[in-house]
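Q: Before the coordinates are shown, may I ask for a guided reading of this model, feature by feature?
A: Certainly; please look at the sequence and the structure, and then put your questions in turn.

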Amino acid sequence: MVKLYDGGVYLVHGTQIVTDPAQLPGLCGRSVSQEEGEQGTMAYSILKAHNQSGDMQNLRMRFDSLTSHDITYVGIIQTARASGMKEFPMPYVLTNCHNSLCAVGGTINEDDHMFALSAAHKYGGIYVPTNIAVIHSYNREMMSGCGRMILGSDSHTRYGALGTLAVGEGGGELAKQLVGRTYDVARPGVVAIYLTGKPQPGVGPQDVALSIIGAVYANGYVKNKVMEFVGPGVASLPIEYRNGIDVMTTETTCWSSIWTTDQATKDYFAIHGRPEAYKELRPADVAYYDGCVYVDLSTVECTIALPMHPSYTYTIAELKANARDILHACEVKANEQITGARLDLLSKVHDDGIYVDQGIVAGCSGGTFDNVCAVADILRGHSCGNGTFKMSVYPGSMPAYIALMKNGALSDIASAGAIIRECFCGPCFGAGDTPANGEFSIRHTTRNFPNREGSKPGEGQMAGVALMDARSIAATAINGGRLTAATELDIDYTTPRYFFDGSVYEKRVYDGYGHAQPDHELKMGPNIKDWPEQPALSEDLLLKVVSYITDPVTTTDELIPSGETSSYRSNPLRLAEFALSRKDPAYVGNAKAVHAAETAREQGQPLPREVTDVYAALEKTVPVDPANTVIGSTIYANKPGDGSAREQAASCQRVLGACANLAREYATKRYRSNCINWGMVPLLVTDPEVFAKGDYVFIPGIRSAILSGKTEFDAYVVRPGGEIVRMTVSTGALTPDERQIIADGCLINYYRNH
């Protein structure tokens, strides 16, 4: 059972939920105000310890360490270099777990890795070589600590189960930390995730995570808030089980997460040779939360998230009982989201059940020691069969891999016909174990967005991914691909003890923190390019709407695809060629045409007739100064930016000449921050029906308005034929720094100018 409370709650002594504050004196001997209660959360104390503003309503934070992987760190370091960085001011972990397939795109992936190693030498960083560990496994093992804060350029930067408040953000926010600036945000709300009971055998962390995601995603219950895991049920969960739930909190659109700590947490740090990283974290005797998600772990069932989102959840039993109706509805929903090939799920329904073609257990969510041991317990002595179904397992780190070799788990898995892979994040974003066209894959990974398995609908290729727990994937494997919940089996789970062997890190990881070598040469492969120059925001702004997306939510994968684009993340202009390629293939050409008009304006050349006609129409209503008005493109989407933290979802638009986004709301803080850091105005509209693709939007006085602190201003829609429609646009709240970044044109310009 997952229950959402309608409003705020008090938690008394860490165990009792109270909705009526009048009850507090009888329970704790005194009245407690909401303000005092807010200060009783674990999140509040950690935020306070890292805040440099002196104002707990408006935070300016410095983090304890940073982390990035090999499709984000080049752009971040290039931004920081251009902004004046001389060395890394804090530990910065550079992992190599995304662009690990070095044959893709020639030498360019390994060129990025060599850039990172040289940067670790030059600036004093920590370099984790390819296939040694995935980003979040390494940070859990080596960088987490109770009360610490970690900022990562991957959206699944979550180490709350280890007492670490971790945040996934776009690269611009890491660049700010690298040049000594702060992470600025209004203090987020905190929602209690109250756990009680104990999971039944066969129910794994992904089942619990998906149950929570399914309950809170669509209604935005925890959006941009901290999820604080409390209650007696926490103690019933092993640490790796908690880690598996915690990493999936990103899919709720929360800002971060934190858990109470206990002996199990203490043991984790001791096992990893870092006992000093532990301290007890608990809420105060009375703590106030902005909401509460009540989870009875004993009632959670084996769960599946159908394509194309982790929130499309059903229990496996419910799906099997209503297979045709549910899968048909999923097909319809999915095929509305994609362009090109169609998803076919009904063909997977046979007389004796639903059959899938592939099972994957991988990465930071699936490839934990405990999960892989559970897979081995189920597969031991069985066979995955020699039919269509195939299975792969990717342990999350080499220390886990070594432990799994020593206890025989990998041998049991391989003997059943499953493939043991390296430490690699590929299956999470479409670069590993890509299914055949028409196949259906079940995965214990982080996401199942459109094309996350690597297919290309626009080229006639389509596969589907459902998220499931490792245990049910293994149960399905021994039944030849017939969808099976792990609770349908009678398994003796051995839960072997974990022994951490960190010698591989000592031998292979380069730790240069505190030992920068300024004269060390950066290795710049031919694909590594500097960011192109970006113009400052002009007083007036003319935007052409070149893409108009009406989906309820637009993911970062749709703004800039994962998978095939990864090798080009170090080359801004080449990467931009992929922008919106799966959602709106005409976008790049349309954006370039607008950019050409701006280039003509900058060079004093005649403007295109379409633009001069727009100005002629505007002159009848509002004064215009074409010579001093930047012409830029924009996209409209109802709710853009769900999913990944990758800044390229914004920067690709920017290098093609975009100056703004138009939206009803932004799906995540991190995408809105990416727009701001790349000089694109994050505009909000309440009546998007008044403009359409191909229309122009003129916003006079926008620069002065933003710099003066205004958040709402007039805009004029110019329709084909010259019709003018007035509307109001707004930016929402902006910090003083954010206003200046937008005015300067991007974060790099801001640091150069100030």
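**Reading the model**

A: Let us begin with one residue: histidine 98 has its place in the loop between β6 and α5 (108-123). Bear in mind throughout that this is a predicted model.

Q: Is histidine 98 buried or exposed?
A: The general idea is a threshold: a residue is called buried under 20% relative accessible area. Histidine 98 has 8% relative accessibility, and therefore counts as buried. Leaving out residues up to four places away in sequence, histidine 98 touches His69, Asp70, Ile71, Asp154, Phe424, Cys425 and Phe429.

Q: How should I read the side chains of strand β6, and which residues point which way?
A: In a regular strand, side chains alternate between the two faces of the sheet. In strand β6 (residues 92-95), Tyr92 and Leu94 point one way, while Val93 and Thr95 point the other way, and all are buried. Strand β5 (residues 65-68) pairs with β6 in the parallel sense, over three bridges. Within that pairing, valine 93 is the bridge partner of threonine 67.

Q: Which residues touch the most other members of the largest nonpolar core?
A: A nonpolar core is read as a network of buried side chains in contact. Here the largest such core has 169 residues, and Tyr92, Leu379 and Met391 touch the most other members. Helix α14 (residues 369-379) contributes the most to this core, with seven residues. A second, separate core has 41 residues, including Ile108, Leu580, Ala591 and Val624.

Q: What does methionine 391 contact, its neighbours within four places in sequence left aside?
A: With those neighbours left aside, the contacts of methionine 391 are Gly359, Val361, Val375, Leu379, Cys384, Ala418, Ile419, Ile473, Ala474 and Ala477.

Q: How is a helix such as α22 read, and which of its residues are buried?
A: An α-helix has 3.6 residues a turn, so residues three or four places apart point the same way. In α22 the buried residues are Tyr587, Val588, Ala591, Val594, Ala597, Glu598, Ala600 and Arg601. They pack against β26 (540-549), α21 (572-576), α23 (609-618), β28 (629-637), α24 (648-655) and β30 (658-663). As to length, helix α22 (residues 587-602) has 16 residues and reaches 23 Å from its first C-alpha to its last, close to the expected 22 Å. Just after α22, glycine 604 takes a positive phi of about 75°.

Q: In what order do the strands of the five-stranded open sheet lie?
A: A sheet is read by following strand pairings from one edge to the other. In this open sheet the order is β1-β15-β11-β12-β13, with mixed pairing. The edge strands, each pairing on one side only, are β1 (2-4) and β13 (256-259). On average, neighbouring strands of this sheet are turned by 20° against each other, direction ignored. β1 pairs with strand β15 (residues 291-296) in the antiparallel sense over three bridges, and leucine 4 stands opposite valine 293 in β15. Helix α3 (residues 42-50) packs on the sheet, where it touches β11 (190-196), β12 (226-230) and β13. The direction of helix α3 makes about 125° with that of β12.

Q: Why is the pair of tyrosine 138 and tyrosine 505 called edge-to-face?
A: Ring pairs are classed by the angle between their planes, and over 60 degrees counts as edge-to-face. There are 19 aromatic pairs by this rule. The ring centres of tyrosine 138 and tyrosine 505 are 4.9 Å apart and the planes stand at 70°, so this pair is edge-to-face. Tyrosine 138 lies in helix α6 (residues 135-142) and tyrosine 505 in helix α19 (residues 503-508), so the pair ties together parts that are 367 residues apart in sequence. Tyrosine 138 is buried, at a relative accessible area of 5%. Elsewhere, ring pairs link Phe63, Tyr183 and Trp255 into a cluster.

Q: Which backbone angles deserve attention in the loops?
A: One is a peptide bond: that from proline 307 to methionine 308 is cis, with omega near 20°. Methionine 308 lies in the loop between β16 (303-305) and β17 (313-315). Another is the phi of histidine 13, which is near 55°, a positive value in a residue other than glycine. Histidine 13 is in the loop between β2 (9-12) and β3 (16-18).

How values were computed: Residues are numbered from 1 along each chain as its sequence is written. This is a predicted model: local features need pLDDT of at least 70, side-chain atom pairs count only at pLDDT 80 or more; totals for chains, interfaces and linings use all residues. Side-chain values use heavy atoms; hydrogens and water are left out. A nonpolar core is a set of buried Ala, Val, Leu, Ile, Met, Phe, Trp, Tyr and Cys residues joined through side-chain atoms within 4.5 Å. Buried means under 20% relative accessible area, exposed over 50%, partly exposed in between (1.4 Å probe, protein chains only). Helices (H or I, at least four residues) and strands (E, at least two) are DSSP runs, numbered from the N terminus. Contact means heavy atoms within 4.5 Å. The expected span of a helix is 1.5 Å times one less than its number of residues. Two strands pair if DSSP finds at least two bridges between them. Axes are lines fitted to C-alpha atoms, for helices over the stretch in contact, and angles run from 0 to 180 degrees between N-to-C directions. Rings of Phe, Tyr and Trp (its six-membered ring) pair if their centres lie within 6.5 Å; planes under 30 degrees apart count as stacked, over 60 as edge-to-face and the rest as tilted.
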